[in-house]
Amino acid sequence: MRGLTPLAVFGLIAAAPVPRGSEGVQIIQKDRSFSKSAVTLQTGQPLIFKNEDAVTHNVFSQTPGMEFDLRTQRPGEQSTISFEHAGISEVRCAIHPTMKLIVTVKQ
């Protein structure tokens with residue numbers, strides 16, 4: 001994906017088709033942590049990050065082929081992504097380095 005901007009990479013991930021009948025999985029950000037430490041999804045299944053914290057977050061992944069960056073996410077905001085390929089992604093917060101989520105995506 002060399003040469004693609006972060007927004008272009010995010011567009012590739014977010015554009016994945018959503019399987020019929022699949023519901024999104026919600027991850028809450030509160031008390032400077034994710035509500036789960038690990039989650040398993042199907043390709044194309046929505047992953048929703050909702051900031052219920054009193055502080056701003058910046059959720060991202062640098063896992064090759066699964067990169068994304070939600071940028072600044074203020075309290076009360078939510079963002080949805082999906083992955084088009086199977087794999088395991090490590091998700092972090094750029095502002096709070098102790099926040100970690102492992103996302104396993106299956107076909």
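A salt bridge is here a side-chain nitrogen of Lys or Arg within 4 Å of a carboxyl oxygen of Asp or Glu. By this rule the count in the structure, which is a predicted model, comes to 4 salt bridges. The legends below begin with the open sheet and proceed to its side-chain contacts.

**Figure 1. The open sheet of 5 strands, with mixed pairing.** The strand order is β3-β9-β8-β5-β6. At the edges stand β3 (38-42) and β6, each of which pairs on one side only. Strands β5 and β6 pair in the antiparallel sense, over 2 bridges. Within this pairing, Ser-61 has Phe-68 of β6 as its bridge partner.

**Figure 2. Surroundings of Ser-61 in strand β5 (residues 59-61).** The relative accessibility of Ser-61 is 2%, so the residue counts as buried. The side chain of Ser-61 is joined to that of Ser-89 by a polar contact of 2.7 Å. When residues up to four places away in sequence are not counted, Ser-61 touches Met-66, Glu-67, Phe-68, Ser-89, Glu-90 and Val-91. One of these contacts, Phe-68, is also the bridge partner of Ser-61 in β6.

**Figure 3. The aromatic pair Phe-68 and Phe-83.** The structure holds 3 aromatic pairs. In the pair shown, the ring centres are 6.0 Å apart and the planes stand at 70°; the pair is therefore edge-to-face, given that angles over 60 degrees fall in that class. The two residues lie 15 residues apart and link distant parts of the chain: Phe-68 belongs to strand β6 (residues 68-69), whereas Phe-83 is in the loop between β7 (78-81) and β8 (87-93). Phe-68 is buried, its relative accessible area being 3%. Phe-83 is likewise buried, at 2% relative accessibility.

**Figure 4. The aromatic cluster that includes Phe-68 and Phe-83.** Phe-34 and Phe-49 join Phe-68 and Phe-83 in one aromatic cluster. Phe-68 thus has a place in this cluster and in the edge strand β6.

**Figure 5. The salt bridge between Lys-100 and Glu-90.** The closest N and O atoms of Lys-100 and Glu-90 are 3.7 Å apart. This pair links distant parts of the chain, with Lys-100 in strand β9 (residues 100-106) and Glu-90 in strand β8, 10 residues apart. Lys-100 is partly exposed, with a relative accessible area of 39%. Glu-90 also counts as partly exposed, at 34% relative accessibility. A network of salt bridges links Glu-90, Arg-92 and Lys-100. Glu-90 is, in addition, among the residues that Ser-61 touches.

**Figure 6. The salt bridge between Asp-69 and Arg-71.** The side chains of Asp-69 and Arg-71 meet at 3.6 Å, N to O. Asp-69 has a relative accessibility of 22% and counts as partly exposed. For Arg-71 the relative accessibility is 41%, and this residue too counts as partly exposed.

**Figure 7. The salt bridge between Lys-50 and Glu-52.** An N to O distance of 3.7 Å separates the side chains of Lys-50 and Glu-52 in this salt bridge. Lys-50 is partly exposed, with 27% relative accessible area. Glu-52 counts as partly exposed at 38% relative accessibility.

Conventions:
Residues numbered from 1 in each chain as written. Predicted model: local features only at pLDDT ≥ 70, side-chain atom pairs only at ≥ 80, totals over all residues. Heavy atoms only, no water. Phe/Tyr/Trp six-rings, centres within 6.5 Å; stacked < 30°, edge-to-face > 60°. Helix = DSSP H or I, 4+ residues; strand = E, 2+ residues; numbered from the N terminus. Buried < 20%, exposed > 50% of the residue type's maximum accessible area, 1.4 Å probe, protein only. Polar contact = N/O pair within 3.5 Å; in protein donor to acceptor, adjacent residues only side chain to side chain. Contact = heavy atoms within 4.5 Å. Pairing = 2+ DSSP bridges.
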